[in-house]
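Colleague: I'm still learning to read these models, so could you pick one small part and walk me through it slowly? After that, I'd like to see how the rest is arranged around it.

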Amino acid sequence: PSSQTYEYLKVSTPRTGVALIELNRPKALNALFTPLITELNACAKQLDKDSSIGAIVLTGSPKAFAAGADIKEMAPKTFGDVYGNDFIESWNDLTLTKKPIISAVNGYALGGGCELAMMADIVYCSASANFGQPEIKLGVIPGAGGSQRLTKGIGKSRAMEMILTGDNLSGTKAGEWGLAAKVFEDAEKCVEGALDTAEKIAGYSRLAVKAAKEVVNKSQDLGIREGVEFERRVFHGLFGSQDQKIGMKAFAEKKKAEWTHE
Ligand code: CO8
């Protein structure tokens, strides 16, 4: 992945099997706009195909994960522009990625930035991170899934309060409320922590990881009975893989599994 160069992203492979994507538009606190999102989508798609990569970490800078959609770009747009051209529809494409994505959130994750963080499979943050959906202050509402993902993430009353007031949520609180799976002391530890987890995930069978992500995500769309049935079918399917034989044999022989990802 490092062979490709991007204008608004830095992409590296700091650990075996792990790609790190850093949003890189420092002048505007990583404010999101179409050229950046287009690069992010292309990058995620490429990493999905890259057999050397097992998990992805998405981060910003210590000051800002992303301070939202670019307000200066949006300001002159009309209803015809945004509805007619499906403005921000493609911003959701990150969720089409099959490999696990961990967002490491430091500094501001506001509006579209908060929404982008929540598109990841796991959210980590530092204690001083600032999550928020301040769109109400601009005369609009969240537009990239915030009203849905935040509500599922922290519950209706808390999500409603955040979205109606535009007040920020600290990283510490985000951890307490379950928006973030882990809270770290500072930005560096947060990114390192995300890389550690990504490396662990990348060390497992790619097939099992892909299936695990798929079944957990299904829980967001299906009722419990259908969801459990879906899970069982996918579980059964994995008995057709080499990795199931390898993993279970290695356990019985007290050896480390050497996955073939087949
Ligand atoms: N858009 C455009 N430029 C921005 C944005 C933004 N969202 N955020 C910061 N910037 C720019 C500033 O204008 C400033 O530029 P300049 O130096 O040219 O004046 C530069 O970044 C640095 O920012 P500040 O000087 O303001 O830095 P501070 O440390 O004083 O403040 C804040 C940081 C509190 C984050 C402040 O910049 C701020 O309030 N930003 C706006 C936050 C916001 O309202 N975000 C929500 C945007 S609306 C939205 O996201 C709608 C989502 C709809 C769908 C999106 C799909 C993903």
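Modeller: Sure, let's start with Gly-54, which sits in the loop between H1 and S3. Keep in mind that this is a predicted model. Is Gly-54 buried or exposed? The cut-off for buried is 20 or more other C-beta atoms within 10 Å. Gly-54 has 27 of them within 10 Å, so it counts as buried.

Who are its neighbours? If you skip the residues within four places in sequence, Gly-54 is in contact with Gly-17, Lys-99, Ile-201, Ala-202, Arg-206 and Val-209. Take Lys-99: it is 45 residues away from Gly-54 along the chain, yet their C-alpha atoms are separated by 6.6 Å. Gly-17 is another one to look up, as it belongs to the hairpin of S1 and S2. That hairpin has 2 residues between the strands, and Gly-17 takes a positive phi near 80 degrees there.

Now follow that hairpin into its sheet. S1 and S2 run antiparallel and are joined by 5 bridges. For one spot to find on screen, Val-11 stands opposite Ile-21 in S2. On to the next pairing: S2 (residues 18–23) and S3 (residues 55–59) are parallel, again with 5 bridges. Here Leu-20 has Val-57 in S3 as its bridge partner. In general, strands of a sheet pair through backbone hydrogen bonds, either parallel or antiparallel.

Step back and you'll see an open sheet of 6 strands with mixed pairing, in the order S1-S2-S3-S5-S7-S10. S1 (9–15) and S10 (182–184) are at the edges with a single partner strand each, so one side of each has no neighbour in the sheet. From one strand to the next, the twist averages 25 degrees. Helix H1 (residues 34–49) lies across S1, S2 and S3, at about 30 degrees to S1.

There's another sheet to look at, an open one with 4 strands in the order S4-S6-S8-S9, and its pairing is mixed too. Its edges are S4 (64–66) and S9 (169–170); each has a single partner strand, so one side of each is left without a neighbour in the sheet. S4 and S6 (residues 108–110) run parallel and are joined by 2 bridges, with Tyr-108 in S6 as the bridge partner of Ala-64. Helix H4 (residues 112–119) lies across S4, S6 and S8 (130–132), at about 95 degrees to S6.

H4 also leads us to the ligand, since it gives the largest share of the surrounding shell, 3 residues. H2 (71–74) and S6, like H4, supply at least two residues each. The ligand has 24 residues around it, and the closest are Gly-68, Gly-111, Gly-112, Gly-143 and Ala-144. Sorted by class, that shell has 16 nonpolar, 4 polar and 4 charged residues.

Last, the overall layout: the protein is divided into domain 1 (9–202) and domain 2 (206–252). Their C-alpha centres lie 27 Å apart, and 6 residues of domain 1 are in contact with 5 residues of domain 2. On the side of domain 1 that touches domain 2, there are 2 nonpolar, 1 polar and 3 charged residues. And back to where we began: among the contacts of Gly-54 are Arg-206 and Val-209, so keep that loop in view as you turn the model.

Technical notes:
Residues numbered from 1 in each chain as written. Predicted model: local features only at pLDDT ≥ 70, side-chain atom pairs only at ≥ 80, totals over all residues. Pairing = 2+ DSSP bridges. Contact = placed C-beta atoms within 7 Å. Axes fitted to C-alpha atoms, helices over the stretch in contact; angles between N-to-C directions. Near = placed C-beta within 6 Å. Nonpolar A, V, L, I, M, F, W, Y, C, P; charged D, E, K, R; others polar. Domains from an automatic or database assignment. Buried ≥ 20, exposed ≤ 12 C-beta atoms within 10 Å, placed from the backbone.
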